[in-house]
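Colleague: I am new to this structure and would like to go through the ligand site. May I put some short questions to you?

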Amino acid sequence: MGNVILIGFMGCGKTTVGLKLSYRLWRTVIDTDKEIEKEEQRTISDIFAAEGEAYFRDRETACLRKLIESTNNQIISVGGGLPVREENRRLLRKLGQVFYLCARGETIYGRLKDDTTRPLLQGDDPLTKIETLLKERDPYYREAADVVVSVDDKSFEQILDEIEKNVK
Ligand code: S3P
């Protein structure tokens, strides 16, 4: 409870913002992807390849349940697909105040076009994949969020100021 939670599409800056925010707020940052990789002793790409996406989604929900038991007043950054599941949105609300880092498709494409660590964006035409998934997910992100922070064309300082002034 009382956590600051960062949600948003892959490449919107959750990890970097989480880290920088942790210095400003004097809170530690927990990343659900990293927690899952630690528990599973393998990378997200390996988990997707060996077990499939449904398995990974169940691991995300299990991770949130565990955080509810153990985590107060920290920063939690979650994988881009986590808020899509309704149960996860409910758990996020219980965990704390949710900030949606909202980015345009082109911004995300610019950052992730050469990335090989996101299984959902591999293959031909990542821009179309990004646009399609973003359109599908944006309503879920908005539903889960207490505060929407647009990150396009903003410096990290501006983004952090905006989050900090809204933290309750
Ligand atoms: C995913 C986002 C990734 C990671 C996995 C699936 C998604 O996290 O959880 O590759 O479905 O959007 P980031 O948002 O930290 O890249």
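Colleague: What lies 2.8 Å from an oxygen atom of the ligand?
Modeller: In this predicted model, a polar side-chain atom of Arg118 is found 2.8 Å from a ligand oxygen atom. Arg137 also places a polar side-chain atom by an oxygen atom of the ligand, at 2.6 Å. From Gly81 the contact comes from the backbone, where an N or O atom lies 3.2 Å from a ligand oxygen.

Colleague: And how much of the ligand does the protein bury?
Modeller: The protein buries 95% of the 390 Å² that the ligand exposes when taken alone.

Colleague: Which residues around it come nearest?
Modeller: There are 13 residues around the ligand, and Lys14, Asp33, Arg57, Arg118 and Arg137 come nearest. By class, this shell holds five charged, five nonpolar and three polar residues.

Colleague: Turning to pockets, where is the largest pocket?
Modeller: The largest pocket is the space that the ligand takes. Its volume is about 520 Å³.

Colleague: What lines the largest pocket?
Modeller: The lining has 27 residues, and those nearest the centre of the pocket are Met10, Asp33, Gly79, Gly80 and Arg118. The lining comprises 10 polar, nine charged and eight nonpolar residues.

Colleague: Which helices supply at least two residues of that lining?
Modeller: Helix 1 (14–25), helix 2 (32–40), helix 3 (44–51) and helix 4 (53–70) each do so.

Notes. Residues numbered from 1 in each chain as written. Predicted model: local features only at pLDDT ≥ 70, side-chain atom pairs only at ≥ 80, totals over all residues. Heavy atoms only, no water. Near = heavy atom within 4 Å. Polar contact = N/O pair within 3.5 Å; in protein donor to acceptor, adjacent residues only side chain to side chain. Areas by Shrake-Rupley, 256 points an atom, 1.4 Å probe, with all protein chains shown as cover. 1 Å grid on protein atoms, 1.4 Å probe; cavity = no way out; pocket = protein on both sides within 12 Å on 5 of 7 lines; lining within 4 Å. Sits in = over half its atoms within 2 Å of the grid points. Nonpolar A, V, L, I, M, F, W, Y, C, P; charged D, E, K, R; others polar. Points joined across faces, edges and corners; volume = space filled by probe spheres on them. Helix = DSSP H or I, 4+ residues; strand = E, 2+ residues; numbered from the N terminus.
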